[in-house]
Amino acid sequence: EARFLDWFDMVQRQKELAKNFNVLSEQIRKAEMETSIKAASPESLVLVKERLERLSQDRELRFEVLKAMAEDVCLREMNWKIILTEPPKDGVLALPNTSCAGLVGRAMQQAGEPLPIG
């Protein structure tokens, strides 16, 4: 029983350390970024700013294309009028995992619509 309790205490401490390690690694990453920004020349900072602005513009254009395509497909194929809004600027854009039914397959199945598969 004593060995089990010792083992259990050790596992609990490892969990706490793992949580602290994630927080600590994020703090180190931020500190390294701050240090590199402080050491950077004004010209390189201007270049980074311009690159970030171009990335932001590219993201907005990609969203507009996606928005137009999604609205068109939903209206044409399912007679759904949807309105997409742009996600927050700091939000991570990631596609959800899908099956062969696709993004709207479940809704189509619930509505009794046939799936255009195969």
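This is a short walk through the structure, from overall confidence to single residues.

The model is predicted. Its chain averages a pLDDT of 84, and 91% of the residues score at least 70. Confidence varies along the chain. Among its elements, helix α2 has the highest mean pLDDT, at 91. The lowest mean, 77, belongs to α3.

Start in helix α1, which covers residues 2-39. Here the aromatic residues deserve a look. The structure holds 2 aromatic pairs. One of them joins Phe 4 and Trp 7, with ring centres 5.9 Å apart and 35° between the planes. That pair is tilted. Phe 4 also pairs with Phe 8, and this pair is stacked. The centres of Phe 4 and Phe 8 lie 6.4 Å apart, and their planes are 25° apart. Why does the label "stacked" fit Phe 4 and Phe 8? Planes under 30 degrees apart count as stacked, and the angle here is 25°.

The spacing along the helix is easy to follow. Phe 4 and Trp 7 are 3 residues apart in α1, so about one helical turn separates them. Phe 4 and Phe 8 are 4 residues apart in the same helix, again about one turn. Together, Phe 4, Trp 7 and Phe 8 form one aromatic cluster.

Is Trp 7 buried, partly exposed or exposed? Its relative accessible area is 46%, so Trp 7 is partly exposed. Phe 8 counts as partly exposed too, at 38% relative accessibility.

The cluster residues also belong to a surface feature. Phe 4, Leu 5, Trp 7, Phe 8 and Met 10 make a nonpolar surface patch of about 510 Å². Met 10 lies in helix α1. With a relative accessible area of 40%, Met 10 is partly exposed.

Now turn to the charged residues. How many salt bridges does the structure hold? There are 6. One of them is still in helix α1: the side chains of Arg 29 and Glu 26 meet at 2.6 Å, N to O. These two residues are 3 apart in α1, which means about one helical turn lies between them. Arg 29 is partly exposed at 40% relative accessibility. Glu 26 is partly exposed as well, at 32%.

Another salt bridge reaches across the chain. Glu 60 and Lys 89 meet through their side chains, also at 2.6 Å, N to O. Which parts of the chain does this pair link? Glu 60 sits in helix α2, while Lys 89 sits in the loop between α2 and α3. The two are 29 residues apart, and the pair links distant parts of the chain. Glu 60 counts as partly exposed, at 31% relative accessibility. Lys 89 counts as exposed, at 54%. Glu 60 and Lys 89 do not stand alone, for Glu 86 joins them in a network of salt bridges.

A further salt bridge forms between Glu 77 and Arg 76. The closest N and O atoms of that pair are 3.1 Å apart. Glu 77 has 55% relative accessibility, so Glu 77 counts as exposed.

Helix α2 spans residues 42-78. Leu 45 lies in this helix. Leu 45 is partly exposed, with a relative accessible area of 36%. What does Leu 45 contact, leaving aside its neighbours within four places in sequence? The answer is Ile 37 and Ala 40. Leu 45 also gives a sense of scale. Leu 45 and Pro 114 are 69 residues apart in sequence. In space, their C-alpha atoms are 54 Å apart.

The last stop is Asn 79, in the loop between α2 and α3, the latter being residues 105-110. Its backbone is worth a glance. Most residues other than glycine have a negative phi. Asn 79 is not a glycine, yet its phi is positive, at about 60°. Is Asn 79 buried or exposed? At 63% relative accessibility, Asn 79 counts as exposed.

Terms used:
Residues are numbered from 1 along each chain as its sequence is written. This is a predicted model: local features need pLDDT of at least 70, side-chain atom pairs count only at pLDDT 80 or more; totals for chains, interfaces and linings use all residues. Side-chain values use heavy atoms; hydrogens and water are left out. Buried means under 20% relative accessible area, exposed over 50%, partly exposed in between (1.4 Å probe, protein chains only). Rings of Phe, Tyr and Trp (its six-membered ring) pair if their centres lie within 6.5 Å; planes under 30 degrees apart count as stacked, over 60 as edge-to-face and the rest as tilted. pLDDT is the predictor's confidence in each residue, from 0 to 100. A salt bridge is a side-chain nitrogen of Lys or Arg within 4 Å of a carboxyl oxygen of Asp or Glu. Patches are made of residues with over 30% relative accessible area and no salt bridge: like charges are joined within 9 Å, nonpolar side chains (Val, Leu, Ile, Met, Phe, Trp, Tyr) within 5 Å. Accessible areas come from the Shrake-Rupley method with a 1.4 Å probe; for residues, only the protein chains shown count as cover. Contact means heavy atoms within 4.5 Å.
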